[in-house]
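Subject: Structure for your review

Dear colleague,

Please find below the structure I undertook to pass on to you. My notes on what was found in it follow.

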Amino acid sequence: MVPQDPPPVPPSPGQAKGHAIEESPETFFARFRAHAVEAHLFPEPWGSPVLEVMVRGQMLYAFDRGAPPAPTGVVQVLLHGVVRQAKPLKGEGFLGREGASYRLGGKATPLGEGFYLLEAPVPLVVYAEVPLPEEAEVLLWPPLMLFRE
């Protein structure tokens, strides 16, 4: 009997398809550094990778992709999310939470290879499997990610 490869495992819900979208947190931050914003990081709960972040008057919860421990105070950060759903934006830019996900809308500027700068009340670099409209409303897969130096 000749051994056979096992059947492919379908992606689980929320699992990104296709190629990896980052090589490392450091290279991702370096690649999109021009879109970093000033944020205030609050002390991290002991042992938690989720940070409270104040950006442009908005309180966000983001998964810290930097080396521990996270600094506190004002830091340059890059916020990143993966688009779960997208549609044309009707109305003004916005940012809101839906459970563990964020829904936001704003101008979507292509950065290449599926990445966009979404200029909502808080600028985010997002990755989308499909092209985004020029003015987009997106729902992100959790978690929102935070890259820092």
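In this predicted model, the side chains of Lys87 and Glu137 form a salt bridge, with N and O 3.9 Å apart. Lys87 belongs to strand E4 (residues 73-88) and Glu137 to strand E9, so that distant parts of the chain, 50 residues apart, are linked by the pair. Lys87 counts as partly exposed because its relative accessibility is 44%, whereas Glu137, at 12%, counts as buried.

Glu137 has a further partner in Arg103, and the closest N and O atoms of that salt bridge are 3.2 Å apart. Here the link runs between strand E6, which holds Arg103, and strand E9, which holds Glu137, across 34 residues. Both Arg103 and Glu137 are buried. Through shared partners, salt bridges join Lys87, Glu98, Arg103 and Glu137 into one network.

The structure holds 7 salt bridges. One of them joins the side chains of Arg148 and Asp64, at 2.8 Å from N to O. Because Arg148 lies in strand E9 and Asp64 in strand E3 (residues 58-64), this pair ties together parts that are 84 residues apart in sequence. Arg148 counts as buried at 9% relative accessibility, and Asp64 counts as buried at 12%.

Strand E9 recurs in each of these pairs, and its surroundings deserve a description of their own. Of its 14 residues, 10 are buried, and E9 is therefore largely enclosed by the rest of the structure.

The strands that pair with E9 (residues 135-148) include the following:

- E4 runs antiparallel to E9, and the two pair over 10 bridges. Pro88 stands opposite Ala136 in E9.
- E6 is also antiparallel to E9, with 5 bridges between them. Leu104 stands opposite Val138 in E9.
- E3 runs parallel to E9, and 2 bridges join them. In this case Phe63 is opposite Met145 in E9.

Strand E6 (residues 101-112) pairs with other strands as well. With strand E5 (residues 94-98) it pairs in the antiparallel sense over 5 bridges, and Phe94 stands opposite Gly105 in E6. The hairpin of E5 and E6 has 2 residues between the strands, and Gly99 takes a positive phi near 65° there. Strand E7 (residues 115-119) likewise runs antiparallel to E6 and is joined to it by 5 bridges. Lys107 has Glu119 in E7 as its bridge partner. E6 and E7 also form a hairpin with 2 residues between them, and Glu113 in the turn has a positive phi of about 55°.

I turn next to the nonpolar residues. In soluble globular proteins, nonpolar side chains tend to be buried together. The largest nonpolar core in this model has 30 residues, and those with the most contacts inside it are Leu79, Leu104, Leu132 and Leu140. The elements that give two or more residues to this core are strand E1 (37-41), strand E2 (50-55), E3, E4, E6, E7, strand E8 (123-127) and E9. The most is given by E9, with 5 residues.

Which residues does Leu140 touch, not counting residues up to four places away in sequence? They are Gly81, Val82, Val83, Arg84, Ser101, Tyr102, Leu104, Leu124 and Val126. Apart from the largest core lies another, of 13 residues, among them Phe28, Ala36, Leu117 and Val125.

A last point concerns Ser24, which is placed in the segment before helix H1 (25-31). Is Ser24 buried or exposed? Its relative accessible area is 19%, and because buried means under 20%, Ser24 counts as buried. The side chain of Ser24 makes a polar contact of 3.1 Å with the side chain of Thr27.

In looking over the model, you may wish to begin with Glu137, whose salt bridges with Lys87 and Arg103 belong to the network described above. From there, E9 leads to its antiparallel partners E4 and E6, to its parallel partner E3, and to the largest nonpolar core, to which E9 gives 5 residues.

With kind regards

Methods
Residues numbered from 1 in each chain as written. Predicted model: local features only at pLDDT ≥ 70, side-chain atom pairs only at ≥ 80, totals over all residues. Heavy atoms only, no water. Pairing = 2+ DSSP bridges. Helix = DSSP H or I, 4+ residues; strand = E, 2+ residues; numbered from the N terminus. Buried < 20%, exposed > 50% of the residue type's maximum accessible area, 1.4 Å probe, protein only. Polar contact = N/O pair within 3.5 Å; in protein donor to acceptor, adjacent residues only side chain to side chain. Salt bridge = Lys/Arg side-chain N within 4 Å of Asp/Glu carboxyl O. Core = buried A, V, L, I, M, F, W, Y, C linked by side-chain atoms within 4.5 Å. Contact = heavy atoms within 4.5 Å.
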